[in-house]
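Let's take a walk through this one from the inside out. Have the coordinates open and follow along.

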Amino acid sequence: MTDKTLGLAVIGTGFGCITHVPAFRDAGFEVRALIGRDRTRTAERAARFDIAHAVTSLGEAMAATDIDAVTIATPPHTHAELAIEAAERGLHVVCEKPFAADLTQARAMLDAVERAGVVHQIGTEFRYATPQALLARQVAEGAIGTPKLATLLMHLPMFAAEGSQAPGWWTDGAAGGGWLGAQGTHMIDQIRCTLGEFDSVSAGLPVVADRGQTAEDSFTVQFRTVDGVDGVLQSTVGSWGPLLMTTRIAGTAGTVWIDGDRVRHADASGEREVAVPTDLENPAPQPPPFDLFSTTYDWLHATGLDRAPYARLADAFRRRILGEQIAATEPRPATFHDGVAGQAVLDAIRLSAAEGRSVRVADLG
């Protein structure tokens, strides 16, 4: 074990500043450089967050200061080039989700980090959110017997109104955007780390509130896992109405579900709230400064709900770099292997929606 303080470069001046900078600092990293495309904006954001170096390339960052790792918070179609460059420079890397533009890119990214021998993780911070982590632990411990049925729903009216704004990449299907990439990746990861790998999907990717985008604002996915769990994922940001959120898993001996920030369990003996163990507790959310928000999409992060889970993700990353073990009871950090597996599911969903048929994930090769 070492007391070395790890130097970090954050690539991306949007979500990178809203969540990555404070979360990685919470985890003990020293954020030494901010990398952005626009030098003026990058300098302004670096000054706003007291980051010493504002640069426009990884090479410039490494010339300016000592960097051990990078975190990539840029649009998905840029991830492959940045992650591969970081790996080739010997830097440990966290990459945001959606992981890549397609499965070919995802595999190239995994190959690069494995060749370089660097530590790699994916920005699936909600593995560390208390309700999700507790639900996954309940399933793993057999609280519902053998899982059989999963239902995950999220309806938000965020883009129903005319004039709602999203980042350019988010509305561009060719750039890996869309609500499937933005939210579906979290749902897919939750299924994979709770119920195992996907076997097949049958999906639709409609646009409910047409704003001229080439990417979907909604998705419905019927799926079956390798272990025989049937389920449905559905989410939209284009429909009017109240917030609707459901995560519910039924098994042969009971059911668990997320109710706000709590987890509840029901079986033949009745219904009860599941106590939160100390190791899964997170500090209260810390809202980021609202002046950082420029689009409707940015307001998804207004509560600061993702900062504490992201800090736990970053802490796992730090410990892995330093050669420390991740406890078996902790949520498992998602690596680029998970990025490839999740991307295969995304590609299968898109193929299913395009061709109107069920697709087996393994058939993508």
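In this predicted model, the largest cavity holds about 150 Å³ of space. The structure has 1 cavity of 30 Å³ or more, so that's the one to look for, given that a cavity here is a space where a 1.4 Å probe fits but cannot get out. Fourteen is the count to keep in mind for the walls: of the 14 residues that line the largest cavity, Thr185, Asp338, Gly339, Gly342 and Gln343 come closest to its centre. The elements giving two or more residues to this lining are α7 and α9, and the largest share, 5 residues, comes from α9.

Stay with α7 for a moment, which covers residues 179-195. Gly181 sits in this helix, and where does its backbone end up, buried or exposed? Gly181 is buried, with a relative accessible area of 0%. Leaving out residues up to four places away in sequence, Gly181 touches Lys97, Pro98, Glu216 and Arg350. Lys97 is 84 residues from Gly181 in sequence, yet the two C-alphas are 7.5 Å apart in space. Further along α7 you'll find Asp189. Asp189 has a relative accessible area of 6%, so it counts as buried, the cut-off being under 20%. Its contacts beyond four places in sequence are Thr124, Arg127 and Ala334.

Now follow Gly181's neighbours Lys97 and Pro98. A cis peptide bond joins Lys97 and Pro98, with omega at about -10°. That's worth a second look, because most peptide bonds are trans. Pro98 lies in the loop between β5 and α5.

That loop takes us to α5, residues 103-116. This helix has 14 residues and spans 20 Å from its first C-alpha to its last, close to the 20 Å expected at 1.5 Å a residue. At its start, a side-chain oxygen of Asp102 reaches to within 3.2 Å of the backbone nitrogen of Thr104. Just after the helix, Gly117 takes a positive phi of about 70°. Which residues of α5 are buried? They are Leu103, Ala106, Met109, Leu110, Ala112 and Val113. Much of that list is spaced by threes and fours, and an α-helix has 3.6 residues a turn, so residues three or four places apart point the same way. What covers these buried residues includes α4 (79-88), β5 (92-95), β6 (120-122) and α9 (336-355).Next, the nonpolar interior. In soluble globular proteins, nonpolar side chains tend to be buried together. The largest nonpolar core here has 74 residues, and Val70, Phe99, Trp179, Leu233 and Phe336 touch the most other members. Take Leu233: leaving aside neighbours within four places in sequence, Leu233 is in contact with Leu152, Met187, Ile188, Ile191, Phe219, Thr220, Val221 and Phe223. A second, separate core of 31 residues includes Leu6, Val31, Ala311 and Ala316.

Two last stops. The second largest pocket has a volume of about 330 Å³. Of its 14 lining residues, the closest to the centre are Ala136, Cys193, Glu330, Pro331 and Arg332. Helix α6 (residues 130-140) gives the largest share of that lining, 5 residues. Finally, find Asp50 in the loop between α2 (39-48) and β3 (53-55). Asp50 has a positive phi of about 55° although it is not a glycine, and Asp50 is exposed, with a relative accessible area of 67%.

Key. Residues are numbered from 1 along each chain as its sequence is written. This is a predicted model: local features need pLDDT of at least 70, side-chain atom pairs count only at pLDDT 80 or more; totals for chains, interfaces and linings use all residues. Side-chain values use heavy atoms; hydrogens and water are left out. Helices (H or I, at least four residues) and strands (E, at least two) are DSSP runs, numbered from the N terminus. The expected span of a helix is 1.5 Å times one less than its number of residues. Buried means under 20% relative accessible area, exposed over 50%, partly exposed in between (1.4 Å probe, protein chains only). Contact means heavy atoms within 4.5 Å. A polar contact is a pair of N or O atoms within 3.5 Å; within protein, one must be able to donate a hydrogen and the other to accept it, and residues adjacent in sequence count only if both atoms are side-chain atoms. A nonpolar core is a set of buried Ala, Val, Leu, Ile, Met, Phe, Trp, Tyr and Cys residues joined through side-chain atoms within 4.5 Å. On a 1 Å grid over the protein atoms alone, a cavity is a set of points where a 1.4 Å probe fits but cannot get out, and a pocket is an open set with protein on both sides within 12 Å along at least five of seven lines; lining residues have an atom within 4 Å of a point. Grid points are joined across faces, edges and corners, and a volume is the space filled by probe spheres set on the points.
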